[in-house]
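Here's a quick walk through a model with several chains. Have a look at the structure first, then we'll go through the domains, the contacts and one residue.

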Amino acid sequence: MVDVSTDGNITKTVGKLSIVVVAMFAFVFVVMVPLYDVLCDALGINGKTNGERYQVVESAIDSNREIRIQFVATNNAGMPWEFRPTDSVMKVNPGAANNTVFYARNPLAKDMVAQAIPSISPSRAAEYFHKTECFCFNQQPLAAGEQADMALQFIIDQDLPRDIHTITLSYTIFDVTAMAAANAPVAMR
Amino acid sequence: MHSQARRLFKLALSPVLLLLGLLSTGALAEEAQRWQMNLSPGVTEVGAEIYELHMIVIWICVVIGVVVFGAMFYSVFTHRKSKGAKPADFHESTAVEIAWTVVPFIILIVMAFPATKTLLEVYNFEDTELDILVTGYQWKWKYEYIDENGENVAFFSNLRTGKTEIYNEDGKGEHYLREVDEPLVLPVNTKVRFLVTANDVIHSWWVPSLAVKKDAIPGFINETWSKPLKTGVYRGQCAELCGRDHGYMPIVVHVVEQDEYDSWLAGKKVKAAKIKSLMDKQFTLDEQMVAGKTVYNQYCVACHGVNGEGGIGNAIAGSSIATGDIYGHIDMGVNGVPGTAMQAFGAQLNDVDMAAVLTFQRNAFGNNMGDIIQPIDVYNFKQGQ
Amino acid sequence: MGAHGPATQGLMRWVTTTNHKDIGTMYLWFSFAMFIMGGAFAMIIRAELFQPGLQIVEPEFFNQMTTMHGLVMVFGAIMPSFVGLANWMIPMMIGAPDMALPRMNNLSFWILPPTFLLLASTLFMEGGAPNFGWTFYAPLSTTYAPDTVTFFIFGVHLMGLSSIMGSINIIATVVNLRAPGMTYMKMPMFVWTWLITAFLLIAVMPVLAGLVTMMLMDIHFGTSFFSAAGGGDPVLFQHVFWFFGHPEVYIIILPAFGVVSQIIPTFARKPLFGYDSMVYATASIAFLSFIVWAHHMYTVGMPVAGELFFMYATMLIAVPTGVKVFNWITTMWKGSMTFETPMLFSIGFVFLFTIGGFTGVMLSLAPVDFQYHDSYFVVAHFHYVMVAGAVFSMSAAVYYWLPKWCGKMYNESMGKAHFWISFVGFNLTFFPQHFLGLAGMPRRIPDYALQFTDFNTMSSIGAFIYGSSQILFLFNVVRTIVAGKPTSEEKTWEGAEGLEWTVPTPAPYHTFSTPPEVK
């Protein structure tokens with residue numbers, strides 16, 4: 001009914017299509033996920049700042065321009081720590097180095113580890129918000145009842161678009177005690 | 001034949017006109033009305049622009065629909081075999097294909113201009129005057145007014161409709177499912193910036209009259225803004241499936257005159273300061289033991305015994321709860337055990353007294369845990385619920 | 001001519017068959033059973049929404065109903081029904097003896113019943129069935145999901161495998177087994193639309209598989225694709241999902257377009273207007289479907305440039321879709337029409353699908369979508385295009401080809417009654433939902449504020465009417481097969497064209513064992 005040459009053609013068609021199927025599956029992991037991260041990083045979309053320490057480049061301070069920085073803290077579900085910014089609002093000049101502190105306390109009877117995740121609004125400001133020191137770079141362990149003042153040092157880039165006057169930096173803390181225990185070779189106290 | 005077709009056409013047109021009439025009048029009030037068929041312009045300029053755009057598109061679609069469906073139904077009635085119609089045999093025309101590709105394309109371009117303008121307006125955050133952090137929780141909203149001096153005011157906004165109304169035991173109130181215990185209060189004629197995030201899953205903050213809808217994503221912050229031009233009460237709902245009570249976490253916004261807002265905010269700040277002063281206080285173990293014993297003898301002794309030996313209630317001495325996880329112990333004190341004699345004392349004891357009595361329980365009767373529970377711990381626990 | 005029947009008898013015939021007609025029949029019956037199950041879930045939803053307050057179910061169960069209704073209808077009813085149609089009709093339409101890979105065809109079908117049995121059984125498992133919407137956004141579907149989410153993921157993989165194999169089969173068949181003389185531009189539109197749909201499926205079903213694999217890894221293997229805590233992002237989920245999800249809705253509708261393109265020329269007794277245009281328009285829709293996905297995400301917090309791009313691209317897709325509608329109407333124009341049931345459903349399709357298209361244009365405008373998104377306006381839109389679109393088209397197809405399949409004529413009065421009751425019931429159910437959305441009612445809620453009562457009550461009544469007419473449909477179909485008036489006309493319909501109308505009625509078990517000559 002179906003001659004041999006058609007059979008061979010069918011096999012070729014099936015072969016090519018199967019490659020497409022596998023390629024599209026791989027596309028998700030190899031292209032979509034990394035591309036999403038790359039684009040977010042490069043364009044500062046959805047306000048993700050990269051977790052990298054900014055290498056300070058000497059630059060002049062623009063004292064004619066004042067940017068309002070708001071600090072906001074959120075606890076993720078099941079995270080009972082007390083967590084708040086000590087400064088709610090700071091007024092800074094682009095190019096200047098600034099310091100602030102976030103206060104955290106673990107009220108429970110067990111040791112815990114937190115991860116603070118930053119998010120910036122407006123999202124296009126993210127690529128101009130340089131952190132030279134941030135408690136969000138690392139996981140933050142706090143023993144039972146322990147409290148800490150966690151440092152944030154940052155510089156606003158001079159090239160921040162002129163129409164941005166207020167930047168909101170939000171931190172959400174997550175309980176990563178289990179994640180940290182799974183990854184850590186050394187047992188937590 | 002011809003006049004019959006014309007009569008039919010008029011007959012078909014009248015309900016269309018009726019519908020359009022209803023559409024344009026149904027939505028003048030800010031609060032959604034029964035039988036409301038249309039979007040409302042709301043109380044903002046952007047909302048009015050959105051409404052205009054919406055009406056323009058509807059009219060364009062109506063006109064296209066009348067022409068296209070008119071042609072189709074005309075054909076259905078005229079080009080019938082039963083009327084003796086003989087089928088033509090034309091089956092292609094490049095000119096016609098080009099025409100009905102280009103014309104819709106042009107119509108779309110025309111629509112794109114006002115749509116772009118309105119979108120750019122929505123993304124224009126110039127000159128915002130007030131910042132409010134909106135956090136979606138399962139299943140309620142938290143509002144925090146961000147203050148320049150760190151005197152933030154924060155509170156939760158929970159659905160106020162009771163279970164008896166929901167389960168049809170009582171009659172339903174006028175604002176069934178759209179009423180809350182603590183509404184968001186805003187000053188009129190002020191451009192308010194909303195920072196939207198979430199505590200757990202994705203929620204979405206939607207108030208139609210303020211022309212605002214923004215997703216609340218856990219770990220990320222979104223921004224949107226609104227400038228209400230009229231005082232009043234505006235209601236909205238969560239607009240992203242977020243679990244069991246997605247339909248039960250409404251939003252109520254009171255837009256008031258500036259002076260009313262100022263005095264409301266001042267009152268809230270006084271309350272917040274009071275709590276903060278207590279929260280900031282870190283009591284010593286001795287202070288908590290003394291205060292806690294008083295509270296224990298007032299509230300707990302009847303069921304749990306003078307020496308923590310139990311009775312109607314379980315023993316506190318050696319109790320796995322009083323010597324276990326602090327979180328679990330606070331939970332027991334605040335929420336009790338529904339359906340038993342152990343009430344939810346969170347409603348009866350303020351955070352200072354609750355912290356004291358729990359500390360007392362953890363250290364008295366031989367428990368000797370060495371823990372001190374502070375008022376801020378109880379406060380945080382309640383906030384996180 | 002190949003007049004002998006199936007090799008085995010009884011149950012084993014159906015289990016082991018590699019015959020495209022048998023497999024097509026099984027797909028169609030399976031999909032109808034799923035349509036009834038999905039419809040039952042819808043009835044529970046509409047019964048609860050009949051009045052404000054909770055009368056029938058708890059909110060947790062309601063969320064399971066909305067989720068399962070969506071999953072079963074999209075993946076269990078609509079998609080398999082059009083695959084069944086493809087199986088029955090494509091070989092006959094191109095003059096081929098069967099599908100290119102008959103044994104894989106059997107496997108593609110038989111994956112489905114156990115998969116949907118598994119999915120349905122999650123309703124009875126601890127924690128309940130999936131309750132996070134058919135769009136299953138993270139983290140509701142990962143961190144906060146019931147245990148049955150793992151079965152859900154497994155089910156999606158299986159069902160995806162079935163779709164992918166089916167699509168490979170369709171492409172291999174159309175590319176390699178066309179009768180001599182049947183060039184691509186001579187193929188019936190139904191074959192064209194399925195060829196293009198099959199390519200869409202091959203491109204995006206693996207993306208869905210990748211997505212649920214990432215979910216599985218987040219839930220069970222400690223990764224953080226979608227959790228901010230580990231450096232991930234819930235919005236990534238939405239981008240990947242809708243990259244699949246938007247082509248998916250065109251996968252649903254393109255074969256429906258193909259059916260209507262077969263039926264209207266038949267009953268207008270006039271060739272399809274603008275065949276070449278129709279082919280190009282279908283291909284354009286398919287290409288464009290890959291670049292519009294984020295119009296499902298306008299409120300997620302995208303930068304304005306992204307919003308504008310997706311808005312313009314989405315508006316653009318209206319152009320080729322409009323071209324198709326104009327071509328159908330021009331096919332009718334100056335034809336000599338009769339209005340048997342397949343034609344009624346096809347005209348109903350053109351009218352109601354276009355209304356769905358209009359609300360689609362409204363939804364494409366990003367700033368206005370801020371008011372429409374996640375409201376009942378969206379629910380109304382997609383039911384217009386999926387029910388009055390795809391389901392009406394499938395009904396039309398069944399009435400159209402049933403005589404060829406079983407050699408019996410269906411009852412025309414009952415068919416017309418099915419159409420009119422469906423038409424009234426459908427519009428009564430879904431037209432008021434536009435108003436509900438505009439008035440501010442969100443979707444996926446089991447209970448609502450009092451001002452939404454009247455249109456909800458109306459919608460629920462409409463749903464019961466629409467549902468009952470499907471029972472009428474079932475009765476008509478079964479009665480036809482069992483005791484319908486026999487017909488042996490090769491060309492059941494006076495104006496019908498195409499190779500399927502040159503074989504005997506009912507179609508023999510094997511057709512075109514020798515390829516026909518196509519001029």
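## The annotated stretch of chain B

Over residues 31-126, chain B is 66% helix and 0% strand, and the C-alpha atoms at the two ends of that stretch sit 29 Å apart. Keep in mind that this is a predicted model. The range comes from UniProt, where an unreviewed entry annotates residues 31-126 of chain B as "domain: Cytochrome oxidase subunit II transmembrane region profile".

## How chains A and B are divided

The domain assignment cuts chain B into domain 1 (2-122), domain 2 (130-279) and domain 3 (282-383). Measuring from C-alpha centre to C-alpha centre, domain 2 of chain B and domain 3 of chain B are 32 Å apart.

Chain A gets domain 1 (4-43) and domain 2 (48-183). For domain 1 of chain A and domain 2 of chain A, the C-alpha centres lie 39 Å apart.

## Where B meets A

How many residues does each chain bring to this contact? Chain B puts in 30 residues and chain A puts in 24 residues. On the chain B side, at least two residues each come from strand E1 (130-137), strand E5 (192-198), strand E8 (222-226), helix H8 (326-335) and helix H10 (375-383). H10(B) has the largest share of that side, with four residues.

In terms of chemistry, the side of chain B that touches chain A splits into eleven nonpolar, ten polar and nine charged residues.

## Where C meets B

This contact draws 78 residues from chain C and 76 residues from chain B. On the chain C side, the helices that each supply at least two residues are H3 (59-94), H7 (234-268), H8 (275-288), H9 (304-316), H10 (318-332), H11 (341-364), H12 (366-372) and H14 (412-439).

Sort the side of chain C that touches chain B by class and you get 51 nonpolar, 17 polar and ten charged residues.

## A look at Glu494(C)

Is Glu494(C) buried or exposed? Glu494(C) counts as exposed, because it has 12 C-beta neighbours inside 10 Å, and the cut-off for exposed is 12 or fewer. You'll find Glu494(C) in the segment after strand E2 (485-486) of chain C.

Which distance separates Glu494(C) from Arg269(C) in space? From C-alpha to C-alpha it's 7.7 Å, although the two residues are 225 residues apart in sequence.

Methods: Residues are numbered from 1 along each chain as its sequence is written. Chains are lettered from A and ligands numbered from 1 in the order in which they are written. This is a predicted model: local features need pLDDT of at least 70, side-chain atom pairs count only at pLDDT 80 or more; totals for chains, interfaces and linings use all residues. UniProt positions are given in the numbering used here, feature names are shortened, and annotations may be inferred rather than shown by experiment. Two residues are in contact if their C-beta atoms, placed from the backbone, lie within 7 Å. Ala, Val, Leu, Ile, Met, Phe, Trp, Tyr, Cys and Pro count as nonpolar, Asp, Glu, Lys and Arg as charged, and the others, Gly among them, as polar. Domain bounds come from an automatic or database domain assignment. A residue is buried if 20 or more other C-beta atoms lie within 10 Å of its own, exposed if 12 or fewer, and partly exposed in between; C-beta atoms are placed from the backbone.
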